[in-house]
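I open the notebook on this entry with a plain aim, to look up how the chain is folded and what packs against what. The notes follow the order in which I looked.

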Amino acid sequence: MLIVIISCMIIAIVGAAVAIDKKSHSLTEPHNVHYKNLQRCYLLALYLATFADWLQGPYVYKLYKDYGYEDDSIAFLYIAGFGSSCIFGTIVGQLADNYGRKTLCTIFAILYSLCCITKTSNKFIFLLIGRILGGISTSILFTTFEAWYVNEHLNFYKLPAEWLNTTFTKATFYNGLSATLAGLVAQVLAEYFGPVSPFLLAIPFLIASLLVIQSTWKEHISLNKPPQQSLYKVIFSPLKYLKENDYLLLYLATVQSIFESTLYTFIFSWTPILAVLSPPLGLVFSIFMICVMCGSKTYACFVSRKRYQPHTMLVLSCITATISFIIVTLSLTSIVNHIHEHTTTKPMSVVCLIAFLIYEFSVGIYYPAVGYLRSRTVPEEFRATLSNWFRVPMNIVTCISLTLNYGSDSKDVSGLKKFQFVFALCSILMLGSVIGAIIFSKKYSKKVVHDELQETRLGKSQNTETV
């Protein structure tokens, strides 16, 4: 009964949020036919793909647990996924930039469907293959989809760059919505049909995404030229752009790597940390996503009213995330020190839950901000490649943090101590991301001013020539 009531409340909140979002966008969104059609094609394919991804989110850890694997084996499977993304991501990005992003997004749907099928087996080797396929798939999902859209928006339709903010805000907001609904659906499916059922339901949505991509997306091959160099140079040559514009891209890559590595560490850790509360995982996941939606609306509100620029919002998201991780670290410290006192364990677990909600709010601010900033700083010819290179340090840091959990179990003191150490490490890393975001913000502001001056001078010179 409680689950039904909470589900109805969540649906009501989401419905109100969608109504407010549509009203606000109707007042601020540009009315351009090409922009509307392009945005619709991109977001529909993206939402179907991410809905399939989110269906699996709450139950990856639980499925492995139900198959009888301990936390150390589960950590190894997670590491295999991130390692796969790290190794194959740059190759995938290069293939996308040179042979077509539409093609790679189609391959994503096929690979991720195979990944879901492997979840039906409890054999470790099949689960491992599934994680490897999943790592390759997520590399495509989180880089190539965006690269396709930015290319069409800026280079083919020549639409204003400022309109990207609206698209990325919508992507984050409705991605949170699809995740919320996915969490509720996964909760019901898992209760009645077992934890493997959300993975099977994901497959039709992946196929639907594939069909949308094939039927509505256009690939402008003229922008994608086959490589003429050796494979080594093709993969590593784009890294030279990290040094341009006073290392602007390097600072952005650093911020992204740190923020998203802590995000994936959080994804692995939140379920066991909240285990003492015995929460319904699907509902908790849905509430997390509502916080993401609130964060994206906060970003849209501040940026559209010119209160803050995207690079300032990036700094704000990093600061908020850092504070939340520090709170979790202190709460876990208290739990470890009073492990036998049940009067302390549950209240501190609730504090962790609140801190996680704050963190998800910061994630909602982060994604549209970093998406827009990538679109303005990453060279088009290497967009997917460099976006995947940004993820390499993230995957390495995530693997290291998961390795620290190797052999831990959240039910005993040693397991909690390892989670405590991991979140302390994440807090330190996030402090580094705050510093990196501040430096990036200052350098980016200077670049914007410099570009505006250049455009002004160019405009004056053209007017003089005309006269």
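Before placing any residue I fix the term: a helix here is a DSSP run of H or I with at least four residues, numbered from the N terminus. The model is predicted, and I read every value below with that in mind.

**Entry 1: a helix end**

I looked up Thr 118 first and found it in helix H5, which covers residues 101–118. Is Thr 118 buried or exposed? Its relative accessible area is 12%, and since buried means under 20%, Thr 118 counts as buried. Setting aside neighbours within four places in sequence, I list Phe 126, Leu 127 and Gly 130 as the contacts of Thr 118.

**Entry 2: the chain overall**

I then stepped back to the whole protein chain, whose secondary structure comes to 16 helices and zero strands. Of its 467 residues, 57% are buried, and the accessible surface comes to about 20200 Å², with 68% of that belonging to carbon and sulfur atoms. Taking contacts between residues at least 6 apart in sequence, I note that 85% join residues at least 24 apart.

**Entry 3: helix H9**

I checked the length of H9 (residues 197–216) against expectation: at 1.5 Å a residue its 20 residues should span 28 Å, and the end C-alpha atoms are 30 Å apart, which agrees. The buried residues of H9 include Phe 199, Ile 203, Leu 206, Leu 210 and Ile 213, and Ser 197, Pro 198 and Ser 209 are also among them. Which helices do the buried residues of H9 pack against? I find H2, H3 (60–66), H5, H7 (144–156) and H8.

**Entry 4: the nonpolar core**

A general point to keep in mind is that in soluble globular proteins nonpolar side chains tend to be buried together. In this model the largest nonpolar core has 132 residues, and those touching the most other members are Tyr 42, Tyr 78, Phe 108, Phe 145, Trp 270, Leu 314 and Phe 356. I followed Leu 314 further and, not counting residues up to four places away in sequence, found that it touches Leu 252, Val 255, Tyr 366, Ala 369, Val 370, Leu 373 and Phe 440.

**Entry 5: aromatic rings**

How many aromatic pairs does a search of the whole structure find? The search gives 26. I looked at one of them in detail: the ring centres of Tyr 47 and Tyr 174 are 5.9 Å apart and the planes stand at 50 degrees, so the pair is tilted. Tyr 47 lies in H2 (residues 33–56) and Tyr 174 in H8 (residues 163–193), so this pair ties together parts that are 127 residues apart in sequence. Both Tyr 47 and Tyr 174 are buried.

Elsewhere, ring pairs link a cluster made of Phe 259, Phe 266, Trp 270, Phe 288, Phe 325, Phe 356, Tyr 359, Tyr 366, Tyr 367 and Phe 423. Trp 270 and Phe 356 of that cluster are also listed among the core residues that touch the most other members, and Tyr 366 of the cluster is touched by Leu 314.

I also noted two charged residues placed over rings. Arg 131 lies over the face of Tyr 78, at 4.9 Å from the ring centre, and Lys 297 lies over the face of Phe 173, at 5.7 Å from the ring centre.

**Entry 6: two prolines**

Pro 310 has its place in H13 (residues 310–337) and counts as buried at 3% relative accessibility. Its contacts, not counting residues up to four places away in sequence, are Asn 165, Tyr 299, Val 303, Ala 369, Tyr 372 and Leu 373; Ala 369 and Leu 373 are touched by Leu 314 as well. Pro 310 and Gly 371 stand 61 residues apart in sequence and 9.5 Å apart in space, C-alpha to C-alpha.

Pro 238 sits in the loop between H10 (231–236) and H11, buried with a relative accessible area of 0%. C-alpha to C-alpha, Pro 238 and Arg 383 are 9.3 Å apart in space, with their places 145 residues apart in sequence given as the separation.

**Entry 7: positive phi in loops**

Where is Lys 158 placed? I find Lys 158 in the loop between H7 and H8, with phi near 55 degrees, a positive value in a residue other than glycine, and at 62% relative accessibility it counts as exposed. Ser 278, in the loop between H11 (244–273) and H12 (281–304), has phi near 50 degrees, again positive in a residue other than glycine, and counts as exposed at 61% relative accessibility.

Methods. Residues are numbered from 1 along each chain as its sequence is written. This is a predicted model: local features need pLDDT of at least 70, side-chain atom pairs count only at pLDDT 80 or more; totals for chains, interfaces and linings use all residues. Side-chain values use heavy atoms; hydrogens and water are left out. Rings of Phe, Tyr and Trp (its six-membered ring) pair if their centres lie within 6.5 Å; planes under 30 degrees apart count as stacked, over 60 as edge-to-face and the rest as tilted. Helices (H or I, at least four residues) and strands (E, at least two) are DSSP runs, numbered from the N terminus. Buried means under 20% relative accessible area, exposed over 50%, partly exposed in between (1.4 Å probe, protein chains only). A charge sits over a ring if NZ of Lys or CZ of Arg is within 6 Å of the ring centre and within 35 degrees of the ring normal. A nonpolar core is a set of buried Ala, Val, Leu, Ile, Met, Phe, Trp, Tyr and Cys residues joined through side-chain atoms within 4.5 Å. Contact means heavy atoms within 4.5 Å. Accessible areas come from the Shrake-Rupley method with a 1.4 Å probe; for residues, only the protein chains shown count as cover. The expected span of a helix is 1.5 Å times one less than its number of residues.
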